[in-house]
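Hi everyone, thanks for coming. I'd like to walk you through one structure today, a piece at a time. Have a look at it first, and then we'll start with a pair of strands.

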Amino acid sequence: MLHPANIFKNLPESFPEGEQFDELLSRGGVTIERIISDGHKTPEGQWLCSGKNEWVVVLEGEGILEFSQNSPVRLARGDYCFIPAGCKHRVADTSQSEKTIWLAIHF
């Protein structure tokens with residue numbers, strides 16, 4: 001049975017433990033998640049690196065992705081980016097004035 005939902009509903013008011021990650025769907029090796037940032041960034045000197053490809057789009061707000069081997073990328077509402085498996089990256093910054101809502105697809 002289908003259960004419709006809205007990606008802009010049930011947003012947290014506060015973030016006591018950092019960004020919020022909500023798994024929306026996981027099937028056949030593909031995971032889709034909503035990530036909500038509120039001025040969050042990856043701690044200095046820390047890199048993220050996944051064994052899966054990742055495609056992200058900013059639905060609201062903005063963020064800056066840094067890569068160990070490439071120039072930083074600024075993403076605003078509607079902008080998307082493909083991050084290949086094994087690519088070291090980090091969130092350098094997100095909006096301070098509004099929540100940043102990301103949609104990430106891992107495959």
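Let's begin with S4 and strand S5, which covers residues 73-76: these two pair in the antiparallel sense, over four bridges. The link between S4 and S5 is a hairpin, and five residues make up the connection. Before we go further, please keep in mind that this is a predicted model.

Now, which residue in S5 is the bridge partner of isoleucine 64? That is arginine 74. S4 has another partner too. Strand S4, residues 62-67, pairs with S7 over five bridges, again in the antiparallel sense. Isoleucine 64 comes up here as well, since it stands opposite aspartate 93 in S7. So isoleucine 64 has arginine 74 as its bridge partner in S5, and aspartate 93 opposite it in S7. Moving on to leucine 65, its bridge partner in S7 is valine 91.

While we're on S7, is this strand mostly covered or mostly open? S7 spans residues 89-94, and five of its six residues are buried, so we can call it mostly covered. Buried here means under 20% relative accessible area. As general background, side chains in a regular strand alternate between the two faces of the sheet.

Next, please find leucine 59, in strand S3, residues 54-60. Which residues does leucine 59 touch, leaving aside those up to four places away in sequence? They are Ile7, Phe8, Arg77, Ile101 and Leu103. There is also a distance to look at: leucine 59 and tyrosine 80 are 21 residues apart in sequence, and their C-alpha atoms are 9.2 Å apart in space.

Let's go to the segment before strand S1, which is 20-27; asparagine 10 lies in that segment. What is the phi of asparagine 10? It is positive, about 55°, although asparagine 10 is not a glycine. For comparison, most residues other than glycine have a negative phi. Asparagine 10 is also exposed, because its relative accessible area is 71% and the cut-off for exposed is over 50%.

Serine 14 lies in the segment before S1 too. Serine 14 counts as exposed with a relative accessible area of 52%. How far apart in space are serine 14 and aspartate 38, C-alpha to C-alpha? The answer is 8.6 Å, with their positions 24 residues apart in sequence numbering.

Now let's step back and look at the whole chain. How many helices and strands does the protein chain have? There are zero helices and eight strands. The radius of gyration is 14 Å, close to the 13 Å that the globule rule gives for 107 residues, so the chain is as compact as a globular protein of that length. Along its principal axes, the C-alpha trace spans about 45 × 35 × 25 Å.

A few more numbers will fill in the picture. Of the 107 residues, 35% count as buried. Among contacts between residues at least 6 apart in sequence, 64% join residues at least 24 apart. The accessible surface comes to about 6,800 Å², and 51% of that belongs to carbon and sulfur atoms. As for charges, the chain has 10 positive and 15 negative ones, and their mean positions are 3 Å apart.

That's my tour. Thanks for listening, and I'm happy to go back to any part of it.

Key. Residues numbered from 1 in each chain as written. Predicted model: local features only at pLDDT ≥ 70, side-chain atom pairs only at ≥ 80, totals over all residues. Heavy atoms only, no water. Rg over C-alpha atoms; globule rule 2.2 N^0.38 Å. Buried < 20%, exposed > 50% of the residue type's maximum accessible area, 1.4 Å probe, protein only. Contact = heavy atoms within 4.5 Å. Areas by Shrake-Rupley, 256 points an atom, 1.4 Å probe, with all protein chains shown as cover. Lys, Arg positive; Asp, Glu negative; His and termini not counted. Charge placed at Lys NZ, Arg CZ, Asp CG, Glu CD. Pairing = 2+ DSSP bridges.
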